[in-house]
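Please open the structure in your viewer and have the selection tool ready. The tour proceeds by stops, each beginning with a selection.

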Amino acid sequence: MRNLFYSAVGIAALAAATLAAQSIQINGAGATFPAPIYAKWFAEYNKLHSNVRINYQPLGSGAGIRQLTERTVFFGASDGPMTQDQLLAAPGKILHLPTVLGGVVPVYNLPGVSQELKFNGPVLANIFLGKVTKWNDPAIAALNAGVNLPGTDIVVAHRSDGSGTTYIWVDYLSKVSPEFKKVVGVGTAVKWPVGVAAAKNDGVAAIVAQTPGALGYVELIYAIQTKTAYGQVQNMNGKFVKASIDSVSAAAAAAARQMPPDFRVSITNAPGDDVYPISSFTWILLYQEPKDKAQGKMMVDFMKWALMDGQKFAGDMGYAPIPKNVVDMEMKALDAIKVK
């Protein structure tokens, strides 16, 4: 009887050890832009696979790329594609896998003004260059006829950390303003001529919310969540468009038809009447030959789930889903990841 007891205990211990061995934690870091939907996805996926826990730190795109390159996380996430130099610096081939689309919006805090403001690219560029400094500047007034704009100073708010949201913002401004491209340029981290800095999307949103006269840029979902006013932006076709799921999807439509095999594409300032011009894909970054095959296999399975079932959560959270033909391309790319 005693032997049977110890045998049962031994079997139970072995079963517990086997279960623990099958439990997988996958660590990632990067962009704050998609952090809300990633948190939702990871929670939903865990309901389906209780032994798999995906831990994500929204530290900014720059940090995600750096940690992935150093292999301190299994996957990275970025709103700006890695540069060729960054790809060459990595210890293995990295794949860019689009997950959702979003828009970056100009958020502002202007007490006494209830009308929704309109902006165009050159005006936004000049504000962030420090050339337009008052809310009643003629360049802003010309776009907002009938709005009683105050002579308040514009307090520019921007990111302090390496940020894919910044990349999208400056990528757009560099396309519409040669001077901005020359002075500031394109990157996840740039040297701003003016402004107050804060970390992450929620940090910039907080500065704008707390500072009368402030103007900054955040991903659409952060403007919605914080109930911060955000303006329409004039697109390439001359139409003023507010960021929405439909207007961001319209920006992706043309790019989706000409998607490059490595998925590294910019869709800012895309043509079309209904296009919101400051739109972008956001990417999860994975090594094509992961060191940990078990984590690699589960991450591939998660990505396939996210690209199919997970897309249904996008709209309610302020993101646009990935076009079907891009999903089809990604499925083939995921099958090429070496997890055996």
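The stops below concern a predicted model and visit one residue and then two pockets.

**First stop: a residue in a helix**

Select residues 245–257, which form helix 11, and find Ala251 within this helix. Is Ala251 buried or exposed? Ala251 has a relative accessible area of 1%, and because buried means under 20%, Ala251 counts as buried.

Next, display Ile267, Ala270, Val275, Tyr276 and Ser279: these are the residues in contact with Ala251 when its neighbours within four places in sequence are left aside. Then add Leu101, which is 150 residues from Ala251 in sequence, while the C-alpha atoms of the two lie 9.4 Å apart in space.

**Second stop: the largest pocket**

Select Lys93, Ile94, Leu95, His96 and Asp262. The largest pocket holds about 280 Å³ of space, and these five are the closest to its centre among its 16 lining residues. Now colour helix 4 (84–89), strand 4 (94–108) and helix 13 (324–335), each of which gives two or more residues to this lining. Strand 4 gives the most, with 4 residues. By type, the lining comprises 9 nonpolar, 3 polar and 4 charged residues.

**Third stop: the second largest pocket**

The volume of the second largest pocket is about 210 Å³. Select Arg71, Val73, Phe74, Lys291 and Gln295, the closest to its centre of the 16 residues that line it. Strand 1 (24–30), strand 12 (279–287) and helix 12 (293–308) each supply at least two lining residues. Which element gives the most to this lining? Helix 12 does, with 4 residues. The lining of this second largest pocket divides into 8 nonpolar, 5 polar and 3 charged residues.

Note on methods
Residues are numbered from 1 along each chain as its sequence is written. This is a predicted model: local features need pLDDT of at least 70, side-chain atom pairs count only at pLDDT 80 or more; totals for chains, interfaces and linings use all residues. Side-chain values use heavy atoms; hydrogens and water are left out. Buried means under 20% relative accessible area, exposed over 50%, partly exposed in between (1.4 Å probe, protein chains only). Contact means heavy atoms within 4.5 Å. On a 1 Å grid over the protein atoms alone, a cavity is a set of points where a 1.4 Å probe fits but cannot get out, and a pocket is an open set with protein on both sides within 12 Å along at least five of seven lines; lining residues have an atom within 4 Å of a point. Grid points are joined across faces, edges and corners, and a volume is the space filled by probe spheres set on the points. Ala, Val, Leu, Ile, Met, Phe, Trp, Tyr, Cys and Pro count as nonpolar, Asp, Glu, Lys and Arg as charged, and the others, Gly among them, as polar.
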